[in-house]
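Welcome! Take a moment with the sequence and the 3D view below, then work through the exercises and compare your steps with the solutions.

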Amino acid sequence: TIKTIHLLTRKNCVSFDSFPQRVQESSRPMAETSSTDEQKVTPWVVKGGERGIDYDKLIREFGSQPIDEPLLERIEKVIGQKPHRFLRRGIFFSHRDMQLVLDNYEAKKPFYLYTGRGPSSEAMHLGHLIPFVFTKYLQDVFDVPLVIQMTDDEKFLWKDMSLEEANRLAYENAKDIIACGFDVKKTFIFSDLDYMAQRRAFYENILKVRKCVTFNQIRGIFGLTDSDSTGKIAFPAVQAVPSFSNTFPDIFGERKDIFCLIPCAIDQDPYFRMTRDVAPRLGYLKPSLIHSSFFPALQGPKSKMSASDPNSAIFLTDTLKNIKNKISKYAFSGGQDTVEDHRAKGGDTVIDVSYQYLTFFMDDDDRLAEIKEAYQSGKMLTGELKQILIDVLQDLVGEHQRRRAEVTDEMVKEFMTPRKLNFAC
């Protein structure tokens, strides 16, 4: 699933060092570490140290490139506006071949966006919104078509749920995605289970990828073992092929020369390192990627968001009262133990979850900088910081709930029906 793992506090910034020439991308191991270093990042497990994930280390291990100031300046020049706050603040911090996306756009060559969601629960939480908020921004500024994969087949393989339930959740989660404001004329949302039966091109490309990748490669890339089901071993090809434009004949016909950009969390990168290695062998273009950091869990770096623990996250179904109570009681604080100590020493914004949430959802850079200075200096107390966040999230979640209530089954059907999109070849 192209998703945001919602587990740990994030590091505030990413350094912009130069990195060596990349080796074959899929040959890189998963980002696992020794017992003395707790960090581990795979598509299914994300674990960091005391202060969260070391994103510099992930860039080095995965062989991606940092989003540095020259790239941000070029993005601003190309789109003619200030980059999204996720870019300005290093929330999307890494990429593969983003320069090629900008080259294609400037040359007026078409490209499309691809992201996705693994429908594992009825209620999505704030962390699930991050890739869709950013993808909506990309669709708007570049005016390009978008495909959104709902991996109900993956959730059947990895979770204790029936096929029918996984498919039902795909359609329920699609309502939250539609509520983000995507343009139905330029957006196709599809369930793997349904689209496999609807369009032969999808399965044909899956078979082509599977023929190119050995079990040893899958085991090395994803850390699967002999005890894992054959379904899990075969699944990576399913997530790979929406990167290829001819997987969607209703949108692109038989063309295989349409460039693809994938916004996703960094833990999903192994799928697309494999895809980028296979693509040239099939005569396809390598997809480009832009990676996000991980959304913080309410209780901080030692905890994780879980649908089974309602106090671990802010869910999109939470009432305004629930949001206030959760943040007041459970949001991990970077403040001191006493008011006196806090006034003297200030708070730590790197580990303070309320401040970290504001970096995701407060658009005003100047106001955010004021809050950071006040909290770090001790002028602002933890309770005051939490109240600012409560106000922001109550507005955000309340507005999302209003938009979702307007999404009908007919609207979902329209988004999820294979069809021609508004797309200039």
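## Exercises with worked solutions

Let us begin with one residue: Asp 226 counts as exposed, at 63% relative accessibility. Here buried means under 20% relative accessible area, exposed over 50%, and partly exposed in between (1.4 Å probe, protein chains only). This is a predicted model, in which local features need pLDDT of at least 70 and side-chain atom pairs count only at pLDDT 80 or more, while totals for chains, interfaces and linings use all residues. Residues are numbered from 1 along each chain as its sequence is written, and side-chain values use heavy atoms, with hydrogens and water left out.

**Exercise 1.** Find the salt-bridge partner of Asp 226 and classify its accessibility.

*Solution.* Start with the rule: a salt bridge is a side-chain nitrogen of Lys or Arg within 4 Å of a carboxyl oxygen of Asp or Glu. The side chain of Asp 226 meets that of Arg 219, at 3.3 Å from N to O. Next, look up the accessibility: Arg 219 has 32% and is partly exposed.

**Exercise 2.** Describe the chain as a whole: its secondary structure and its buried share.

*Solution.* First, the elements: there are 20 helices and 10 strands. These are DSSP runs, numbered from the N terminus: helices are H or I with at least four residues, strands E with at least two. Second, the burial: 58% of the 425 residues count as buried. Third, the contacts (heavy atoms within 4.5 Å): of those with a separation of 6 or more, 79% are between residues 24 or more positions apart.

**Exercise 3.** Is strand β8 enclosed or open, and which residues lie on each of its faces?

*Solution.* Begin by counting: five of the five residues of β8, residues 187-191, are buried, so the strand is largely enclosed by the rest of the structure. Then sort them by face: Thr 187, Ile 189 and Ser 191 are on one side, with Phe 188 and Phe 190 on the other. Finally, find the neighbour: β8 pairs with β7 in the parallel sense over five bridges, where pairing requires that DSSP finds at least two bridges between the two strands. One of the bridge partnerships joins Gln 149 to Phe 190 in β8.

**Exercise 4.** Compare the phi angles and surroundings of Asp 97 and Asp 143.

*Solution.* Recall the background: most residues other than glycine have a negative phi. Now take Asp 97, whose phi is positive, about 60°. Asp 97 sits in the loop between β5 (92-96) and α4 (98-106) and is buried, at 18% relative accessible area. Then take Asp 143, with a positive phi near 55°. Its loop runs between α5 (126-142) and β7 (146-150), and Asp 143 is partly exposed at 49%.

**Exercise 5.** Which salt bridges involve helix α14, and what do they link?

*Solution.* Keep the total in mind: the count comes to 28 salt bridges. Among them, Asp 97 meets Arg 276 at 3.0 Å, N to O. Because Asp 97 lies in the loop between β5 and α4 and Arg 276 in helix α14 (residues 269-278), the pair ties together parts that are 179 residues apart in sequence. Both partners, Asp 97 and Arg 276, are buried. Another salt bridge joins Arg 273 and Asp 269, with the closest N and O atoms 2.8 Å apart. These two are four residues apart in helix α14, which means about one helical turn separates them. Arg 273 is buried at 0%, and Asp 269 is buried at 0%.
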